[in-house]
Amino acid sequence: MLDPATPSGETSPCLEPREEILSLWRAFDPLSFESRSRALRLGEIIPVVSGGPYRPDGEIAVVLDGCLLLDDGKRGTHCGVAAAGDLIDIAGGSPGLWLSNGLVYRAPVAAFCREAGEEGVQFLLSGGVKRLKAMETRLRCAMSHGSISRVASFLLDIHRATGGFEIALSQSNIGALLSLRRSSINQACQSLRAAGALRTVRGRILLKDEAVLASLACCHYRPRSPAFAEAIAAEAA
């Protein structure tokens, strides 16, 4: 499992029950009103706390609120950032770590499919395809982009999932998750600091400028800013 730095500061309170229901309703938006009404009565909404582990239990699990960093369960290698609406378990998924407070919906697979019908099955299949495509995108990224772009994309994924500018992961954590050598992760963070995209403090990354960070991220975060052309060229040399 991951070994992150301990998040700083007080944790935010859990959402009110009414907000939980709204989050649940939005997460299952592709389903019709009738299918959602039947299927959602089967499951339960569970609050989660920043820094807590996530372990799949072989049921349906959907993130309703918060940010979950998934790993491969063995070496702690990054294999996904899940946010609200993302399906993270269909009778088997990846373990991970909650990077923020949040909510997760769980329900038995068979009962969900029975109540939600064909729409529910299609919803689960679409969620599985989305996870597969995300993994393929990360693999292509690792093969075609340098460490600066990979780190920038990773931090942006977390920022856009949480809405926060403080990430409770150290440089060494991020390097391990992205399978980067110590020298590569240090160089990447140094370049991002010099460009004004972030600051690093002990055990944490503080994001300063989302636009600047996006300019250096992988191709799906384009357009790029000319401010990073020199950094990209230097890394490629």
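**Group meeting: sheets, rings and confidence in a predicted model**

Let's start with a pair of strands: β9 and β11 (residues 204-207) run antiparallel and are joined by 2 bridges. If you want a residue to click on, glutamate 166 sits opposite leucine 206 in β11. Before I go on, please keep in mind that this is a predicted model.

So, what is the strand order of the open sheet of 3 strands? It goes β9-β11-β10, and the pairing is antiparallel. β9 (166-167) and β10 (198-201) are the edge strands, and each of them pairs on one side only. Now look at what packs there: helix α4 (residues 147-162) lies across β9, β10 and β11, and it runs at about 75° to β11.

Okay, the other sheet I want to show. This is an open sheet of 4 strands, again with antiparallel pairing, in the order β1-β8-β3-β6. At its edges you find β1 (44-48) and β6 (87-90); each has a single partner strand, so one side of each has no neighbour in the sheet. On average, neighbouring strands here are turned by 25° against each other, ignoring direction. Take β6 and strand β3 (residues 60-65): they pair antiparallel over 3 bridges. Isoleucine 60 has isoleucine 90 in β6 as its bridge partner.

Right, on to the rings. How many aromatic pairs does the structure hold? There are 4, and I'll walk you through two of them. For phenylalanine 28 and tyrosine 105, the ring centres are 5.1 Å apart and the planes meet at 80°; over 60 counts as edge-to-face, so that is what we call this pair. Phenylalanine 28 is in the loop between α1 (17-27) and α2 (33-40), while tyrosine 105 is in strand β8 (residues 102-107), so the pair ties together parts that are 77 residues apart in sequence. Buried or exposed, phenylalanine 28 and tyrosine 105? Both are buried.

The other pair is tyrosine 54 with tryptophan 98. Their ring centres are 6.4 Å apart with planes at 85°, so this pair is edge-to-face too. Tyrosine 54 belongs to strand β2 (residues 53-54) and tryptophan 98 to strand β7 (residues 96-98), so here the parts tied together are 44 residues apart in sequence. Tyrosine 54 and tryptophan 98 are both buried. And going back to phenylalanine 28 for a second: Phe28, Tyr105, Phe112 and Phe123 make up one aromatic cluster.

Zooming out to the whole chain, we have 8 helices and 11 strands. The protein has 237 residues, and 45% of them count as buried. If you take contacts with a separation of 6 or more, 73% are between residues 24 or more positions apart. The accessible surface is about 12200 Å², with 54% of that belonging to carbon and sulfur atoms.

Last topic: how confident is the predictor? The average pLDDT is 77, and 76% of the residues score at least 70. Helix α6 (residues 182-194) has the highest confidence at 92, and helix α8 (residues 229-236) the lowest, with a mean of 45. Which stretches should you watch? Residues 1-16 stay under 50, and the model gives them 31 contacts beyond four places in sequence. Residues 222-233 are also below 50, with 16 contacts beyond near neighbours in sequence. Where pLDDT is low, the predicted coordinates shouldn't be read in detail.

Methods:
Residues are numbered from 1 along each chain as its sequence is written. This is a predicted model: local features need pLDDT of at least 70, side-chain atom pairs count only at pLDDT 80 or more; totals for chains, interfaces and linings use all residues. Side-chain values use heavy atoms; hydrogens and water are left out. Rings of Phe, Tyr and Trp (its six-membered ring) pair if their centres lie within 6.5 Å; planes under 30 degrees apart count as stacked, over 60 as edge-to-face and the rest as tilted. Buried means under 20% relative accessible area, exposed over 50%, partly exposed in between (1.4 Å probe, protein chains only). Two strands pair if DSSP finds at least two bridges between them. Contact means heavy atoms within 4.5 Å. Axes are lines fitted to C-alpha atoms, for helices over the stretch in contact, and angles run from 0 to 180 degrees between N-to-C directions. Accessible areas come from the Shrake-Rupley method with a 1.4 Å probe; for residues, only the protein chains shown count as cover. pLDDT is the predictor's confidence in each residue, from 0 to 100.
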